[in-house]
Amino acid sequence: MAIPGGDFSQFDISKEEKDKLVAEVIRYILFKTHQNSGCPIKREELSQLVTKNYRHRSLPAYIINQAKEKLSSIFGYELRELQRSRPSSTNQTRLSQQSGVDAKSYVIISQLPAEVYKKYVEDVNTSHMTGFTFVVISIVQLAGGKIASDNLWHHLKRMGLHETNENHPVLGNVKQALEMLVQQRYLQKDKVSGPEGATLFYELAERALEGTVSERIKQYITQIVKKDSTTEDIS
Amino acid sequence: MAVLSWKHHTLIQTLLERGPLLEKDFHSIFTAITGQNPGTHQGKFNDYLLKINRELSYLQLDLRACRDPYDGRVYYGVVNNVSDEQSKLGTKYSVPQIAFFKAIVEAIAQDVTAVGCICNMDALNIKLENQVLNNSGSQSQDGSLGIPAAFRNFTMSQKEKTIDQLVIDKWLCYTEDDNIGVGVRSVLDLRSWFHNAGVPSCEVCNEAGLKARSCPNEGCTVRIHQYCLKTKFSQKGVIVCPSCDTQWQYQPPKAEPLELEDEETEVMQSQPSSQPLQSQVQSSLRSRRKRERVGRNDDADTVGCDTRRVTRQSAHLR
């Protein structure tokens with residue numbers, strides 16, 4: 001099939017057309033990421049850019065791969081693919097009926113080493129969201145990957161973050177900030193019907209389950225916990 | 001086949017993440033990453049930028065520099081050159097907000113006195129309905145039918161919030177006397193728009209003369225930026241219009257409250273070179289002027305609402 005990196009002659013389009021398509025896809029990714037503040041972009045949206053004008057079936061995959069390469073070589077961004085691996089229970093029945101749904105989505109992640117990123121690239125005006133993200137994901141992870149909404153808010157309250165607070169000095173509307181995490185696919189919401197009616201659960205979603213992210217979070221949690229336990233020993 | 005290294009990537013990513021950066025901040029990042037100061041190793045700096053732009057041009061993007069019209073400071077940013085379907089997505093602003101922004105920029109651009117800003121009240125009084133009528137070109141039979149509800153219902157407080165957000169994002173800025181001026185992003189991004197809208201360009205640097213001195217000769221349309229005047233005429237001390245030879249007053253006693261003070265003469269020390277900085281980095285940068293040493297330490301935090309335009313030795317006074 002498609003020979004990686006080179007042979008697009010099978011697609012019957014010129015190099016210029018191919019380049020143009022790749023550029024369009026990259027631009028789409030960059031602008032869309034800005035517009036939706038880092039929420040994953042569905043693969044379908046990218047494919048559509050290609051299939052809008054060209055019919056060849058495996059062309060979208062080829063173009064997306066090329067875009068991935070270019071994003072890395074020009075910007076140092078990785079186009080990371082997220083897979084919707086764990087459908088929430090409410091979606092179970094629907095998904096089983098849809099066969100062959102391309103549930104892949106993409107985010108761009110900087111490939112720079114962490115120290116470099118932190119020192120030069122990171123926008124200090126958005127680091128509060130990063131901090132919030134880390135805290136929430138850690139809580140959910142420590143709870144086993146899934147936590148009841150009430151329980152989560154209980155923990156957040158201990159840090160001064162209340163569900164009803166719309167004017168937090170740093171986060172603004174705290175509930176909305178949490179919603180943002182759902183949209184960015186760090187968390188997913190789940191309604192579980194129990195004896196007392198439906199309870200809302202938050203579960204880790206693709207972005208938080210992704211290998212490197214998951215690992216690092218565990219590391220950081222360990223660091224924090226270790227620090228605390230040593231101080232306890234001393235006292 | 002990596003043309004760009006992680007150092008190039010860092011420079012690009014920092015501009016993308018943090019928005020337009022002051023020259024000194026951009027330079028200090030460059031120095032920190034490459035170990036070489038752009039001031040002393042200009043060739044290397046230009047080399048880097050050229051390389052970056054070669055790659056970016058594939059995507060119709062550009063890394064370029066521009067001057068803040070109000071204080072003459074240089075900023076670097078990554079700019080989009082083509083308005084296509086994809087770039088139209090690249091905004092979090094709603095349609096009425098964008099129309100409002102456009103109206104403000106138009107008002108500033110079309111100001112014949114080249115003051116470069118409009119007062120807050122005027123901005124808030126802009127009626128979006130006029131924008132729609134202007135755009136459609138023809139009058140609809142019933143004026144209100146052609147205007148989307150969102151435009152009609154754009155309240156005063158929404159306008160205020162929009163202005164605040166635009167200032168934070170650097171599309172607009174607050175000038176010293178609480179007026180609204182164009183922000184650095186607009187200067188970077190809307191360059192071609194200003195040219196097309198007929199804003200006279202500065203004779204010296206050929207950038208849009210939004211806030212500039214006009215030739216006192218009524219018939220002459222020459223405009224020159226305040227900071228460009230200094231570079232061109234600093235040694236001579238007398239300003240003569242390049243086109244009509246009228247003498248310009250060095251300290252014009254204009255009635256407007258936005259005027260220069262005597263501090264001008266103190267500022268001369270910070271500009272050793274005699275040539276203007278071109279905004280297209282791709283074209284060869286000639287000798288660069290030293291930036292004024294701005295008092296505060298901006299290293300960590302360049303982003304954010306820069307509403308404090310205190311005149312220290314800032315080159316650009318009103």
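Two residues are in contact when heavy atoms of theirs lie within 4.5 Å. Keep that in mind as you look through these views of a predicted model.

**Figure 1. Chain A on its own.** Take contacts in chain A between residues at least 6 apart in sequence: 61% of them join residues at least 24 apart. The secondary structure of this chain comes to 10 helices and 6 strands. Of its 235 residues, 41% count as buried. Chain A exposes about 13400 Å², and carbon and sulfur atoms supply 51% of that area.

**Figure 2. Chain B on its own.** Here you can count 13 helices and 10 strands. Chain B has 318 residues, and 51% of them count as buried. Its exposed area is about 14900 Å², with 49% supplied by carbon and sulfur atoms. Now look at contacts in chain B with a separation of 6 or more: residues 24 or more positions apart account for 57% of them.

**Figure 3. Where chain A and chain B touch.** How many residues of each chain are in contact with the other? On one side there are 32 residues of chain A, and on the other 31 residues of chain B. Together the two chains bury about 2900 Å² between them, and 61% of this is on carbon and sulfur atoms. Which residues of chain A lose the most area to chain B? They are A:Arg27, A:Ile74 and A:Tyr120, together giving 26% of what that side buries.

**Figure 4. A salt bridge and polar contacts across the interface.** The interface of chain A and chain B holds 1 salt bridge. Its partners are A:Arg27 and B:Asp84, whose closest N and O atoms are 3.0 Å apart. Polar contacts cross the interface too, in 13 residue pairs.

Three helices of chain A, α1 (15-35), α3 (59-75) and α5 (114-121), each supply at least two residues of the side that touches chain B. The largest share, 12 residues, comes from α1(A). Sorted by character, the residues on this side of chain A divide into 16 nonpolar, 9 polar and 7 charged.

**Figure 5. Two loop residues of chain B with positive phi.** Start with B:Lys170, in the loop between α9 (156-168) and β5 (172-174) of chain B. Its phi is near 75 degrees, a positive value in a residue other than glycine. Is B:Lys170 buried or exposed? B:Lys170 counts as buried because its relative accessibility is 10%, and the cut-off for buried is under 20%.

Next comes B:Asn206, which you will find in the loop between α11 (191-196) and β7 (213-214) of chain B. This residue is not glycine either, and its phi is also positive, near 65 degrees.

**Figure 6. B:Phe30 and its surroundings.** This residue sits in helix α2 (residues 23-34) of chain B. With a relative accessible area of 0%, B:Phe30 is buried. What is B:Phe30 in contact with, leaving aside its neighbours within four places in sequence? The residues to look for are B:Leu11, B:Gly35, B:Gln36, B:Pro38, B:Lys44, B:Phe45 and B:Tyr48. For a sense of scale, try finding B:Phe194 as well: B:Phe30 and B:Phe194 are 164 residues apart along the chain, and their C-alpha atoms are separated by 31 Å.

Key:
Residues are numbered from 1 along each chain as its sequence is written. Chains are lettered from A and ligands numbered from 1 in the order in which they are written. This is a predicted model: local features need pLDDT of at least 70, side-chain atom pairs count only at pLDDT 80 or more; totals for chains, interfaces and linings use all residues. Side-chain values use heavy atoms; hydrogens and water are left out. Helices (H or I, at least four residues) and strands (E, at least two) are DSSP runs, numbered from the N terminus. Buried means under 20% relative accessible area, exposed over 50%, partly exposed in between (1.4 Å probe, protein chains only). Accessible areas come from the Shrake-Rupley method with a 1.4 Å probe; for residues, only the protein chains shown count as cover. Buried area is the accessible area (1.4 Å probe) that two parts lose on being put together, summed over both. A salt bridge is a side-chain nitrogen of Lys or Arg within 4 Å of a carboxyl oxygen of Asp or Glu. A polar contact is a pair of N or O atoms within 3.5 Å; within protein, one must be able to donate a hydrogen and the other to accept it, and residues adjacent in sequence count only if both atoms are side-chain atoms. Ala, Val, Leu, Ile, Met, Phe, Trp, Tyr, Cys and Pro count as nonpolar, Asp, Glu, Lys and Arg as charged, and the others, Gly among them, as polar.
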